[in-house]
Amino acid sequence: MNYRQQFAEEIYTHLQGLSKVEEINALIEEPKYNTHGDLAFPCFTLAKKLKKAPQQIAKELSTKIDASFLEKTVAEGPYVNGFLNKQIVSKQVIQRINTEKENYGSSAAGAGKKVTLDFSSPNIAKPFSMGHLRSTVIGNALANISEKYGYKAIRINHLGDWGTQFGKLITAYKQWGSEEKVRENPIKELFHLYVMFHEQAEKHPHLEDEARFWFKQLESGNEEALQLWKWFREESLKEFAKIYELLGIIFDSYDGEAFYNDKMDGIVQELKDKDLLSLSDGAEVVNLAAENMPPCLIKKKDGATLYATRDLAAAVYRSRTYHFEKSFYIVGQEQRLHFEQLFLVLQKMSYNWAASLQHVPFGFILKDGKKMSTRKGKVVLLEDVIKEAIDLAYQNIKTKNPELENKEEVAKMVGVGAIIFHDLKNERQNNIEFNLDEMLKFEGSTGLYVQYTHARACSILRKAPAKNNIAVSGLTDSYSWTVIKTLMDFPNVIEKSFQQAEPSVIAKYVLKLSQDFNKYYGQIKILADDTEQSSRLALVKSVAIVLKEGLRLLGVKAPEKL
RNA sequence: GUCCCAGUAGCUCAGCUGGAUAGAGCAACAGCCUUCUAAGCUGUGGGUCGCAGGUUCGAAUCCUGCCUGGGACGCCA
């Protein structure tokens, strides 16, 4: 089924050991234009070895090559272009997908090994913003992709439930808060207090000291502080649960920063024992000057810990608990330096697994070209956006398909899918300008386009005659061939997206497959009653399987009717 | 000031481990529903690949410098 490899081997047999099979394989490319065939071998590098013109080499090679999976081989300038046998290849591809079904594209590469993924990780007492959405959907997709690649994925929601922010919150609550208001609308009121703190702290700097005091109290187990913290945390978690329910995301662990509270002394002690700590302006740091990096702050001058300390404790704990092969941190690119420091410190602590940690950074969601600031209260709430998307999807369904039975359910799949897909379709490093209209578009390169295509395929399959499965004979027209070639690519796409920790690779793939299929659909009468009907239906079935599976990996549902 | 990321069609982006003629979607214009879901399809127009050098048979892709935008650079996370 790996025709590229077969092509490489075929070429190899005619080169008398001039080049290794792997080297040939690496050179083989897919021609840009389909008039150039399906596989191309450029002869430039051979030209040097043979001291012959590449055009001449291509000519000679093309006449020698002869394999059943190839229809013909043509020399085109310095290239040897191979044309696959459409009949044989399409039959194999269609049969394989219909046999393997949703397991098509799965790999055993990660079998028996674990990956941990740290993602979503919202801050308690702050609303779930658009910024957290990115970490959440990218992380979830990467977890699915890891599983597709054979790994066991462990999804960790490293809640921001500890830190100086709670000192600020407690300070603000004691100053201006009321229990009643918080009970009524927890997140909103807590966030209001948080924003208010920052406003007031600009005028009254002593508030910052008070916040530090309260966080210190919290860390040393002050009962009043602890009670407030617990309450804030519970209320926030209830709100987050709604979002995850809407997005259809589950976690294996909600162990956040507070969970590591009792593991901090151990880490600090360990750093001391390994002689890595030094004092600097009253704070305890790991000096990284030798690595050309600013020092990593471990303890503040008041003795309270910092997030680097907690991340160190978390990494060690996860390594011991899960014995991961790889550990991903899906966190914004602004924390790049932090993770470089973190990984370096772990290396200095002589943990050999430090090399398997990987920061997966992503770009910002910008507002008017600038980063959104939580502290100033400038956030767009994810829940509002999702609700708007679902509502808009519902309106569309009502006008476009009033007959549809389960409109609410489908509207949810479409609305949520639109938001997830919009986030995942571009490279994660890119910054995104927040634009609701853009997110809620239901035409062009969108999640809905893919869902629609899938529903179309399903619709045809429903209308297919209930004949017993007649043997698939393969298809040779150019429209099917384009679809077949894209279908063939799916396993490579999975691998690429895993290797690059890049869900957009899959998003782009399902768009391409949808596009190919829609062109096919527009040209070929699939249900025509002729000898190739069963082959066409098997092709449609293959497309439906792969689209659904591709969307599933991204975290998007694929309704059968739209 | 140092470091990181980005700059490709009017807009949003692919293409970047070097390869043949730089591609999609949106927007604009012109078409296609008595025939499988028109949320679709077909066609037209639209490009100094930020700028300048360099490496190479060959550069949007690699290297250097510069310009522009965003971000990070010790007691926030």
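**Exercise 1. Contacts along chain A**

Task: In this predicted model, what share of the contacts in chain A between residues at least 6 apart in sequence joins residues at least 24 apart?

Solution.
1. Take the contacts in chain A between residues at least 6 apart in sequence; 74% of them join residues at least 24 apart.
2. For the setting of these contacts, list the secondary structure: chain A has 21 helices and 13 strands.
3. Add the extent: the C-alpha trace spans about 85 × 65 × 40 Å along its principal axes.

**Exercise 2. Surface and charge**

Task: How many of the side chains in chain A are positive and how many negative, and how far apart do the centres of the two sets lie?

Solution.
1. Start with burial: of the 562 residues in chain A, 54% are buried.
2. Turn to the surface, where the accessible area of chain A is about 26,200 Å². Carbon and sulfur atoms account for 48% of that area.
3. Count the charges: 75 side chains are positive and 73 are negative.
4. The centres of these two sets are 4 Å apart.

**Exercise 3. The domain assignment**

Task: Which residue ranges does the domain assignment of chain A give, and what distance separates the centres of the domains?

Solution.
1. Domain 1 covers residues 3-84, and domain 2 covers residues 382-554.
2. Taken over C-alpha atoms, the centres of domain 1 and domain 2 are separated by 35 Å.

**Exercise 4. Two serines in helices**

Task: Which backbone atoms do the side chains of S497 and S535 reach?

Solution.
1. Place S497: this serine belongs to helix α19, residues 478-499.
2. The relative accessible area of S497 is 0%. S497 is therefore buried, since the cut-off for that class is under 20%.
3. A polar atom of the S497 side chain lies 3.0 Å from the backbone oxygen of I494.
4. Beyond its neighbours within four places in sequence, S497 contacts L142, I145, E502, V505 and I506.
5. Place S535: helix α21, residues 533-554, holds this serine.
6. S535 is also buried, at 0% relative accessibility.
7. The S535 side chain reaches the backbone nitrogen of G474 at 3.4 Å.
8. G474 is also one of the residues in contact with S535, alongside I94, V472, S473 and L475, when neighbours within four places in sequence are left aside.

**Exercise 5. Buried or partly exposed?**

Task: Is Q358 buried or partly exposed, and where do M439 and F364 fall on that scale?

Solution.
1. Q358 is in strand β10, residues 357-360. Its relative accessible area is 27%, so Q358 is partly exposed.
2. Not counting residues up to four places away in sequence, Q358 touches K326, S327, F328, Y329, F343 and A501.
3. From Q358 to C296, 62 residues away in sequence, the C-alpha distance is 18 Å.
4. M439 is in helix α17, residues 436-439. At a relative accessible area of 5%, M439 is buried.
5. Contacts of M439, apart from neighbours within four places in sequence, are M130, V385, A418, I419, H422 and F434.
6. G415 is 24 residues from M439 along the chain, and their C-alpha atoms are separated by 9.6 Å.
7. F364 is in the loop between β10 and β11 (365-367). With a relative accessibility of 18%, F364 counts as buried.
8. Setting aside neighbours within four places in sequence, F364 has contacts with Q333, E334, K371, N430, N431 and I432.
9. Q200 lies 164 residues from F364 in sequence, and 27 Å from it in space, C-alpha to C-alpha.

**Exercise 6. Positive phi in two loops**

Task: What is the phi of S120 and of N292, and is each residue buried or exposed?

Solution.
1. S120 is in the loop between β4 (114-118) and α6 (130-148).
2. S120 is not a glycine, yet its phi is positive, about 75 degrees.
3. The relative accessibility of S120 is 3%, so S120 counts as buried.
4. N292 is in the loop between β7 (283-286) and β8 (296-299).
5. N292 is not a glycine either, and its phi is positive at about 65 degrees.
6. The relative accessibility of N292 is 74%, so N292 counts as exposed.
7. To sum up, both residues have a positive phi, but S120 is buried whereas N292 is exposed.

Conventions: Residues numbered from 1 in each chain as written. Chains lettered and ligands numbered in written order. Predicted model: local features only at pLDDT ≥ 70, side-chain atom pairs only at ≥ 80, totals over all residues. Heavy atoms only, no water. Helix = DSSP H or I, 4+ residues; strand = E, 2+ residues; numbered from the N terminus. Buried < 20%, exposed > 50% of the residue type's maximum accessible area, 1.4 Å probe, protein only. Contact = heavy atoms within 4.5 Å. Areas by Shrake-Rupley, 256 points an atom, 1.4 Å probe, with all protein chains shown as cover. Lys, Arg positive; Asp, Glu negative; His and termini not counted. Charge placed at Lys NZ, Arg CZ, Asp CG, Glu CD. Domains from an automatic or database assignment. Polar contact = N/O pair within 3.5 Å; in protein donor to acceptor, adjacent residues only side chain to side chain.
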